[in-house]
Amino acid sequence: SADTTIAIEGAEIVATNYGDLYEVGMQNWYIEVKKDDKVILLDVFSASTTDPSGIYHVLSGAEYANKFIPGFMNGSAPVGAWYGSISNGKFKVIAPMVDGVMQVKVLGNTATVEFGVYDDGGNLIEGSVKGSYTVGEAE
């Protein structure tokens, strides 16, 4: 793939707090951004139990504060940060986000995610998404 610029308004942004799921002393927030057939999946570590606002760099090593999990496949399941689409009700991978920085801003019932990240081929994925914000229920 090539460098990609994303500019999405009116997305649905759902953040679910799974607590200290990985037992690293940080809250694990899983964030789904959807608009039409576009999907962005983010998996971040924050000290906050109330919302995932913050600036996140790629996880490397044992320091988890303010980091995002880079995208990788666990069998056929995408884990971590991904850019993709929905086709016939199924997630279709476009690119994993494996390096760079992203910022999540939550203000009431709206959220913005801005990013300058790279995929596994070194291509830049940059831009922002804005939309309605809700907190999901951890299963």
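Q: What makes β11 and β12 count as paired strands, and how do they run?
A: In this predicted model, which admits local features at pLDDT of at least 70 and side-chain atom pairs at pLDDT 80 or more, while totals for chains, interfaces and linings use all residues, nine bridges join β11 (residues 110–118) to β12 in antiparallel fashion. Two strands pair if DSSP finds at least two bridges between them, so β11 and β12 qualify. Tyr118 stands opposite Leu124 in β12, and in this hairpin, with five residues between the strands, Gly122 takes a positive phi near 80°. Residues are numbered from 1 along each chain as its sequence is written, and side-chain values use heavy atoms, with hydrogens and water left out.

Q: What makes β1 a partner of β12, and in which direction do the two run?
A: Eleven bridges join β1 (residues 4–17) to β12 (residues 124–135), and the two run parallel; Glu9 has Lys130 in β12 as its bridge partner.

Q: How many helices and strands does the chain have?
A: The chain has zero helices and twelve strands, where helices (H or I, at least four residues) and strands (E, at least two) are DSSP runs numbered from the N terminus.

Q: Why does the radius of gyration agree with a compact globule?
A: The rule, taken over C-alpha atoms, is 2.2 Å times the number of residues to the power 0.38; for 139 residues it gives a value near 14 Å, and the chain has 14 Å, so the two agree.

Q: What share of the residues is called buried?
A: Buried residues (under 20% relative accessible area, with a 1.4 Å probe and protein chains only) make up 42% of the 139 residues.

How values were computed:
Buried < 20%, exposed > 50% of the residue type's maximum accessible area, 1.4 Å probe, protein only.
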